[in-house]
Amino acid sequence: MITVPTTPFNDQKPGTSGLRKKTRVFMQPHYVENFVQSVFDSVREDSEKGFENETLVVGGDGRYYNRAATQTILRMAAANGIGRVLVGRDCLLSTPAVSAVIRRRGAMGGLVLSASHNPGGIDADFGIKYNVRNGGPAPEGITGRIYESSLKITRYLTIEHDDLDLSIEGSQQLGNTEIVVIDSLVDYTAVCEELFDFKVLAELFKSGFRMQFDAMSAVTGPYARHILEERLGAAPGTVINGEPLEDFGGHHPDPNLVHAAELVAHLNATDAPDFGAACDGDGDRNLIIGRNFFVTPGDSLAVIAEHAQKCIPGYAKGLAGAARSMPTSTAVDRVAKELGVACFETPTGWKFFGNLMDAGLCTICGEESFGTGSNHVREKDGVWAVLCWLSILAVTRKSVSEVVHDHWKRFGRSYYQRHDYEHLELAAATQMFEALRGKLSTLNGMSLGGSEVDKADDFSYTDPVDSSVSVHQGLRILLQDGSRIVCRLSGTGTEGATLRLYVERYLNDGGDSDIDEVLTPLVTAGRELLDLKRWIGREEPTIVT
Ligand code: VG1
Ligand code: CO
């Protein structure tokens with residue numbers, strides 16, 4: 001074992017989902033080591049059994065630097081006396097698969113190497129996230145401790161050893177630590193099989209149903225090929241961009257209408273398949289589309305909650321509750337109400353759902369950012385969402401568009417959009433945001449976007465399970481007609497700042513109004529409230545989802 005002296009970096013504070021930086025930042029000497037040692041130092045005290053009796057899971061989305069960082073982590077795990085490390089073959093594990101492995105193998109936690117939907121490459125982004133014993137992202141208490149540790153670090157522990165061959169499954173020794181290279185697909189597939197009726201889904205494909213799945217040259221390629229094509233009998237070629245590449249083919253592995261353009265074009269073509277889906281870099285996000293039809297993440301969550309009990313065996317007993325992040329549309333709230341269960345509103349980021357699920361308060365949850373999931377793991381899960389939709393389509397024998405239209409007829413529709421303003425100068429964005437925060441208390445009663453302000457606040461959340469409080473989780477302006485304008489600064493970017501402006505208006509109109517017409521008054525009001533022109537010199541967003 002070698003003790004390497006080091007000095008702190010002052011920027012290792014995990015954001016919405018782990019530590020994300022430019023790849024070159026991670027490539028600086030000691031950078032990965034400092035962060036990983038800070039994780040080990042912070043969680044050592046939580047281990048009653050002692051590290052030597054614990055298992056750690058390591059895997060990532062295959063982006064540039066994934067392999068090098070994995071080797072560094074393995075040497076450090078050995079030096080820190082961790083008993084066993086399970087690592088995905090070729091260092092690959094999707095985020096939901098890491099969660100599944102942690103839970104099924106009783107691991108103390110896992111390190112996920114990914115910057116999710118951010119582009120990959122030496123000049124793009126990298127990230128590391130620590131997940132805890134329940135399989136979910138470390139809650140704020142722990143990420144806070146990791147950050148504190150990183151500010152005080154003076155040394156890290158490693159051993160001298162050549163890189164291991166991680167391309168073949170099996171066990172090898174690294175110092176006193178057992179390193180087990182595992183099949184990346186097995187645990188995850190087993191979890192899916194427990195929830196879904198593979199026979200019913202296979203019959204759907206047998207009946208001539210066609211789909212296209214875009215893995216965006218990221219980690220879900222092998223998972224989707226195995227489950228959809230090999231297990232469920234979808235036609236070969238159903239999965240496109242199925243090879244995980246270090247730079248995701250130069251694209252953003254972000255499953256939305258802009259970045260999944262190839263898939264969208266297929267679904268809008270004359271010979272379009274019945275169903276289209278895509279997942280992000282690390283496999284936790286999903287895009288769901290039908291022929292010429294986009295399902296918003298908020299509607300997708302609501303539709304899955306509506307149909308889960310009837311269409312998916314894993315939820316045959318019904319839902320214990322639902323949850324969504326604050327900016328996510330309220331569509332799922334109406335379903336929960338109809339089902340007679342609670343719906344929780346949490347801050348942005350999956351780590352807030354973990355306690356609710358562990359306490360049995362919620363079964364299905366989601367975010368507007370193309371994330372949906374359930375208590376089968378403790379991460380959002382892209383392939384799971386696809387299997388949910390396949391199950392709904394198999395049982396109802398309706399098209400994607402019909403399923404959503406039926407939902408709107410029954411529950412009404414939350415017209416919803418998120419406008420992102422990317423690449424902002426950090427200081428200007430922060431000042432703009434603070435200026436709006438300062439104004440919130442004066443907005444009550446003001447007429448805005450065709451209604452009146454009912455309540456304007458800076459969202460704060462008290463966890464119903466452990467009573468921990470998270471403040472400053474986004475500004476929200478609630479109008480009397482139920483519409484909302486929400487805004488927050490992104491916590492996953494690696495450069496400058498990104499402002500997110502979310503607008504929602506609920507109408508019980510069958511769902512066929514023009515979305516731009518419905519939402520424009522709210523968008524305009526939001527832009528004026530933020531005084532965008534003054535602070536950032538433009539009003540048009542970089543991307544609308
Ligand atoms: C974004 C999304 C948030 C999501 C997070 C991580 O965070 O808005 O809903 O949980 O990304 O997703 P932010 O702070 O940039 O708005 V992933 O797929 O990057 O792990
Ligand atoms: Co992701």
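Reader: What spacing do the donors of the cobalt ion (ligand 2) follow along the chain?

Author: The pattern is S-x163-D-x1-D-x1-D. Keep in mind that this is a predicted model.

Reader: What makes Ser116, Asp280, Asp282 and Asp284 donors of the cobalt ion (ligand 2)?

Author: Distance does. A donor is an N, O or S atom within 2.8 Å of this kind of metal. Here the OG of Ser116 and the OD atoms of Asp280, Asp282 and Asp284 coordinate the ion at 1.9 to 2.2 Å. Those values fall inside the cut-off, so the four residues count as donors. Water is not among the atoms, so the site may look incomplete.

Reader: What makes Ser116 and Asp284 a link between distant parts of the chain?

Author: Ser116 and Asp284 are 168 residues apart. Ser116 sits in the loop between strand E5 (109-113) and strand E6 (125-131). Asp284 sits in the loop between strand E12 (275-279) and strand E13 (286-290). Both Ser116 and Asp284 are buried.

Reader: Which residues come nearest to ligand 1?

Author: Thr16, Ser116, Gly491, Thr492 and Arg500, out of 20 residues around ligand 1. Ser116 is also one of the cobalt donors.

Reader: How do you know that the side chains of Asp280, Ser369 and Arg488 make polar contacts with ligand 1?

Author: Check each distance against the 3.5 Å limit for a pair of N or O atoms. For Asp280, a side-chain N or O atom is 3.1 Å from an oxygen atom of ligand 1. For Ser369, the value is 2.6 Å, again to an oxygen atom of ligand 1. For Arg488, the side-chain value is 2.6 Å too. Each pair is within the limit, so each one qualifies.

Reader: What classes of residue make up the shell around ligand 1?

Author: 10 polar and 10 charged residues, with no nonpolar ones.

Reader: Why is Asp61 called buried?

Author: Buried means under 20% relative accessible area. Asp61 has 0%, so the label holds. Asp61 lies in the loop between strand E3 (55-60) and helix H3 (66-79). Its contacts, beyond four places in sequence, include the cobalt donors Ser116 and Asp282. Leu92, Leu113, Val219 and Phe248 are also among the residues it touches.

Reader: What makes the pair Asp61 and Arg63 a polar contact?

Author: Their side chains come to 3.0 Å. The limit is 3.5 Å, so the pair counts.

Reader: How do you know that Ser325 is buried, and what does its side chain contact?

Author: Its relative accessible area is 0%, against a limit of 20%, so Ser325 is buried. A polar contact of 2.6 Å joins its side chain to that of Thr328. Ser325 belongs to strand E15 (residues 321-325). Beyond four places in sequence, it touches residues including Thr346, Pro347, Phe353 and Glu368.

Reader: And Met326: why is it called buried?

Author: Met326 also has 0% relative accessible area, so it meets the definition. It lies in the loop between E15 and helix H11 (331-339). Among its contacts beyond four places in sequence are Glu345, Phe459, Gln473, Arg484 and Val486. Cys311 is 15 residues away along the chain, with 27 Å between the C-alpha atoms.

Reader: Which residues touch the most other members of the largest nonpolar core?

Author: Phe213, Phe275, Trp389 and Leu390, in a core of 72 residues. Helix H13 (residues 382-396) gives the most to this core, with 11 residues. Phe275 itself contacts Trp389, Leu390 and Leu393, among others. A second, separate core of 44 residues includes Phe40, Phe51, Ile142 and Leu166.

Reader: What makes Ala394 in helix H13 count as buried?

Author: The value is 7%, under the 20% limit, so Ala394 is buried. Beyond four places in sequence, it touches Val200, Leu201 and Leu204.

Reader: What is notable about phi in Phe370 and Arg397?

Author: The sign. Most residues other than glycine have a negative phi. Phi of Phe370 is near 65°, a positive value. Phi of Arg397 is near 55°, also positive. Phe370 lies in the loop between strand E17 (364-367) and strand E18 (371-374), and is buried at 5%. Arg397 is in the loop between H13 and helix H14 (400-411).

How values were computed: Residues are numbered from 1 along each chain as its sequence is written. Chains are lettered from A and ligands numbered from 1 in the order in which they are written. This is a predicted model: local features need pLDDT of at least 70, side-chain atom pairs count only at pLDDT 80 or more; totals for chains, interfaces and linings use all residues. Side-chain values use heavy atoms; hydrogens and water are left out. A nonpolar core is a set of buried Ala, Val, Leu, Ile, Met, Phe, Trp, Tyr and Cys residues joined through side-chain atoms within 4.5 Å. Buried means under 20% relative accessible area, exposed over 50%, partly exposed in between (1.4 Å probe, protein chains only). Helices (H or I, at least four residues) and strands (E, at least two) are DSSP runs, numbered from the N terminus. Contact means heavy atoms within 4.5 Å. Donors are N, O and S atoms within 2.8 Å of the metal (3.2 Å for Na, K and Ca); water is not among the atoms, so sites may look incomplete. A residue is near a molecule or strand if one of its heavy atoms lies within 4 Å of it. A polar contact is a pair of N or O atoms within 3.5 Å; within protein, one must be able to donate a hydrogen and the other to accept it, and residues adjacent in sequence count only if both atoms are side-chain atoms. Ala, Val, Leu, Ile, Met, Phe, Trp, Tyr, Cys and Pro count as nonpolar, Asp, Glu, Lys and Arg as charged, and the others, Gly among them, as polar.
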